[in-house]
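What follows is a guided reading of one protein chain, moving from a single helix to the packing around it and then to the aromatic rings and a few individual residues. Please keep the sequence and the three-dimensional view at hand while reading.

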Amino acid sequence: MLTTSQKAMAFRSLSATAYLCIFLASWHAAFTGFIHFLVGIPLCVLALIMLLVQLAPVLPAPARMPLDMLEDLHFNGETVMTFGGRCMVDAILIFILCFYMKKWLLGMFTLALIGSVVALKDKEVDLFEEVFGSGGSAGGGGTAGDPSWTTGGYQTVESG
């Protein structure tokens, strides 16, 4: 039986693979025409953002600094660091992959990945908190026990 941290690493690996494939597919499609360029380049940026968000817990502290800017990037009141924000960005990626770029296999793989998270959200609470941090609603992409990557904002230290 796999431990929670092993399951979390497997999910992060699958997600990182999906976002890397989305980046490569959109980069390839971006140079096939002007309209494809206008859609492909923002899709590349979204895929890179999601790749960085997904890999944030395993990155060293200096590499996480650019991710602090992502806390200001909002989608309908959710940041890309929260579960709801990630689902919204993934829905955009899936829609463009399937209906515009005709990358059905990659779109369905991403949909299955997100669908499995939603389906297992209540059954695997520890895993969900490990991957999304704090139940996924307060933000944070780090692990729940990682004090260097806070969930929901910056930790403040009060001086005595």
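What span should the 18 residues of α4 have at 1.5 Å a residue, and how far apart are its end C-alpha atoms? The expected value is 26 Å, and the end C-alpha atoms of α4 lie 25 Å apart, which agrees. The coordinates behind this comparison belong to a predicted model, and every value given here is computed from that model.

Helix α4 belongs to a chain whose secondary structure comes to 6 helices and 2 strands, arranged along the sequence in the pattern α-α-α-β-β-α-α-α. The chain has 160 residues, of which 40% are buried. Its exposed surface amounts to about 8,900 Å², with 69% of that area supplied by carbon and sulfur atoms. Among the contacts that join residues at least 6 apart in sequence, 57% are between residues at least 24 apart.

The interior can be approached through its nonpolar cores. The largest of these has 25 residues, and the members that touch the most other members are Ile 22, Val 80, Leu 93 and Met 101. Helices α1 (4-30), α2 (34-55) and α4 (83-100) each supply at least two residues of this core, and α2 gives the most to it, with 8 residues. Apart from this core lies another, of 10 residues, which includes Phe 83, Leu 113, Val 117 and Phe 128.

Seen from α4 itself, the buried residues are Phe 83, Gly 85, Arg 86, Val 89, Asp 90, Leu 93, Ile 94, Ile 96, Leu 97 and Cys 98. Two residues of this list tie the helix to the cores just described, since Leu 93 is among the best-connected members of the largest core, whereas Phe 83 is a member of the core of 10 residues.

Beyond α4 the chain reaches Lys 102, which has a positive phi of about 60° although it is not a glycine. Most residues other than glycine have a negative phi. Lys 102 is placed in the loop between α4 and α5, and it counts as exposed because its relative accessibility is 53%, above the cut-off of 50%.

The next helix, α5 (residues 104-120), has 17 residues and reaches 24 Å from its first C-alpha to its last, close to the 24 Å expected at 1.5 Å a residue. Which residues of α5 are buried? They are Leu 106, Gly 107, Thr 110, Leu 113, Ile 114 and Val 117, and, seen down the axis of α5, they fall within an arc of 125°, so they line one face of the helix. An α-helix has 3.6 residues a turn, so residues three or four places apart point the same way. The cover over the buried residues of α5 includes α1, α4 and α6 (125-132), while the face turned away from that buried side carries the exposed residues Leu 105 and Ala 119.

Helix α1 offers two residues for closer inspection. Ser 15, which lies in α1, is buried, because its relative accessible area is 1%; leaving aside neighbours within four places in sequence, Ser 15 is in contact with Gln 54 and Leu 113. Lys 7 also lies in α1, but with a relative accessible area of 22% Lys 7 is partly exposed. Leaving aside neighbours within four places in sequence, the contacts of Lys 7 are with Met 1, Leu 2, Glu 124 and Leu 127. Lys 7 and Val 131, although 124 residues apart in sequence, have C-alpha atoms that are 9.2 Å apart in space.

The aromatic rings complete the picture. How many aromatic pairs are there? The count comes to 6, and one of the pairs, formed by Trp 27 and Phe 31, is edge-to-face, with 5.0 Å between the centres and 75° between the planes. Trp 27 counts as partly exposed, at 42% relative accessibility, and ring pairs link Phe 23, Trp 27, Phe 31 and Phe 37 into a cluster. Another pair, formed by Phe 95 and Phe 99, is tilted, with 5.2 Å centre to centre and 50° between the planes. Phe 95 and Phe 99 are separated by about one helical turn, because they are 4 residues apart in helix α4, and Phe 95 is exposed, with a relative accessible area of 52%.

Notes: Residues are numbered from 1 along each chain as its sequence is written. This is a predicted model: local features need pLDDT of at least 70, side-chain atom pairs count only at pLDDT 80 or more; totals for chains, interfaces and linings use all residues. Side-chain values use heavy atoms; hydrogens and water are left out. A nonpolar core is a set of buried Ala, Val, Leu, Ile, Met, Phe, Trp, Tyr and Cys residues joined through side-chain atoms within 4.5 Å. Buried means under 20% relative accessible area, exposed over 50%, partly exposed in between (1.4 Å probe, protein chains only). The expected span of a helix is 1.5 Å times one less than its number of residues. Rings of Phe, Tyr and Trp (its six-membered ring) pair if their centres lie within 6.5 Å; planes under 30 degrees apart count as stacked, over 60 as edge-to-face and the rest as tilted. Contact means heavy atoms within 4.5 Å. Accessible areas come from the Shrake-Rupley method with a 1.4 Å probe; for residues, only the protein chains shown count as cover. The arc is that of the directions from the helix axis to the C-beta atoms.
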